[in-house]
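Please explain the arrangement of strands and charged side chains in the structure shown here. The account should proceed from the sheet to the salt bridges.

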Amino acid sequence: VESRVPPQAHPSGRDVFQVRTRIATVGVRGTRFRVSVTEKDEVAVSVLESRVVVQTGGLPEIFVSELEGAVVGGHRPTAAATPLLPAPELSGAGEPQNQPGVLLAWHEVDGASGYRAQIARDALFLDLVAEQRTARTGGRELALFEGIAPGSYFSRVAAVNSDGVEGRAAVGSFSRGVAPQSPAGGSARWLARAGAIEFEWEPVPRALHCCLLYTSDAADDTP
């Protein structure tokens with residue numbers, strides 16, 4: 001769950017917005033935050049703005065402030081808020097993505113065990129198109145998305161620590177055009193005086209260059 005809640009006053013002083021799971025309750029007091037259930041059946045909370053209050057079982061309330069995260073539940077007798085991991089440094093942000101697949105790349109983040117990569121049509125990531133969770137490989141990290149239609153998109157990548165807490169996110173944008181089609185109406189002729197073969201074909205819209213292959217077998221695409 002990811003949410004942005006504007007600050008609101010309540011006469012009783014209680015939280016005006018809560019996220020409840022069977023493990024914990026997160027009270028929101030005007031903030032931007034994320035809540036997720038990890039593979040270890042624990043609740044991970046990340047706060048990007050303001051703060052939240054986490055309650056679980058008979059444990060005392062945990063206050064998680066801006067740019068902090070916490071994990072509760074499972075077999076943890078206590079919990080404490082810790083700083084979020086920094087945002088990854090994106091590679092090639094803003095460049096067109098006209099290859100068959102959309103490739104997001106970034107530099108590894110110290111302390112990360114994995115990453116969450118997303119593509120959306122809007123800057124708030126309400127219209128989510130695709131999402132991947134990847135393990136940390138070291139050095140240059142990658143996420144490849146297939147089947148992304150032409151259009152304008154936003155990308156977002158966040159590091160995730162070993163407890164499942166998602167860190168600060170790096171946001172970029174890119175455009176994706178229509179893949180160029182193969183040229184039509186091609187022909188070749190022998191230039192005896194020059195001792196060369198001349199090839200001609202119709203121009204292809206939006207193509208920057210063409211690749212020419214020649215073979216002795218029309219059914220074989222091996223040059």
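**A buried glutamate and its surroundings**

At 8% relative accessibility, glutamate 166 counts as buried, where buried means under 20% relative accessible area, exposed over 50% and partly exposed in between, computed with a 1.4 Å probe on protein chains only. The model is a predicted one, in which local features need pLDDT of at least 70 and side-chain atom pairs count only at pLDDT 80 or more, while totals for chains, interfaces and linings use all residues. Residues are numbered from 1 along each chain as its sequence is written, and side-chain values use heavy atoms, with hydrogens and water left out.

The sheet comes before the charged pairs. Helices (H or I, at least four residues) and strands (E, at least two) are taken as DSSP runs and numbered from the N terminus; two strands pair if DSSP finds at least two bridges between them. On these terms, three strands make up an open sheet, ordered β10-β11-β14, with antiparallel pairing. Strands β10 (90-91) and β14 (140-145) stand at its edges and have a single partner strand each, so one side of each is left without a neighbour in the sheet. Strand β11 (residues 102-107) runs antiparallel to β14 and is joined to it by six bridges. Leucine 104, for instance, has alanine 143 in β14 as its bridge partner.

Alanine 143 also appears in the surroundings of threonine 134. Threonine 134 belongs to strand β13 and is buried, with a relative accessible area of 17%. Apart from neighbours within four places in sequence, threonine 134 is in contact (heavy atoms within 4.5 Å) with Trp106, Gly114, Tyr115, Leu142 and Ala143. Its C-alpha atom is separated by 6.5 Å from that of arginine 116, although the two residues are 18 residues apart along the chain.

Arginine 116 leads back to glutamate 166, which lies in strand β16 (residues 166-176). Not counting residues up to four places away in sequence, glutamate 166 touches Arg34, Ser46, Leu84, Arg116, Arg133, Ala158, Ala159 and Val160. Which side chains make polar contacts with that of glutamate 166? The side chain of arginine 34 does so at 3.4 Å, and that of arginine 116 at 3.0 Å. A polar contact here is a pair of N or O atoms within 3.5 Å; within protein, one must be able to donate a hydrogen and the other to accept it, and residues adjacent in sequence count only if both atoms are side-chain atoms.

A salt bridge is defined as a side-chain nitrogen of Lys or Arg within 4 Å of a carboxyl oxygen of Asp or Glu, and the count by this rule is six. One of them joins arginine 34 and glutamate 166 (3.4 Å, N to O). This pair links distant parts of the chain, with arginine 34 in strand β4 (residues 31-37) and glutamate 166 in strand β16, 132 residues apart. Both arginine 34 and glutamate 166 are buried.

A salt bridge also forms between glutamate 166 and arginine 116 (3.0 Å, N to O). Glutamate 166 lies in strand β16 and arginine 116 in strand β12, so the pair ties together parts that are 50 residues apart in sequence. Arginine 116 is buried, as is glutamate 166. Through salt bridges that share partners, Arg34, Arg116, Glu131 and Glu166 are joined into one network.

Arginine 136 and glutamate 108 form another salt bridge, their closest N and O atoms being 2.7 Å apart. Here the linked parts are loops: arginine 136 is in the one between β13 (128-135) and β14, and glutamate 108 in the one between β11 and β12 (114-120), 28 residues apart. Arginine 136 is partly exposed, with a relative accessible area of 30%, and glutamate 108 is likewise partly exposed, at 33%.
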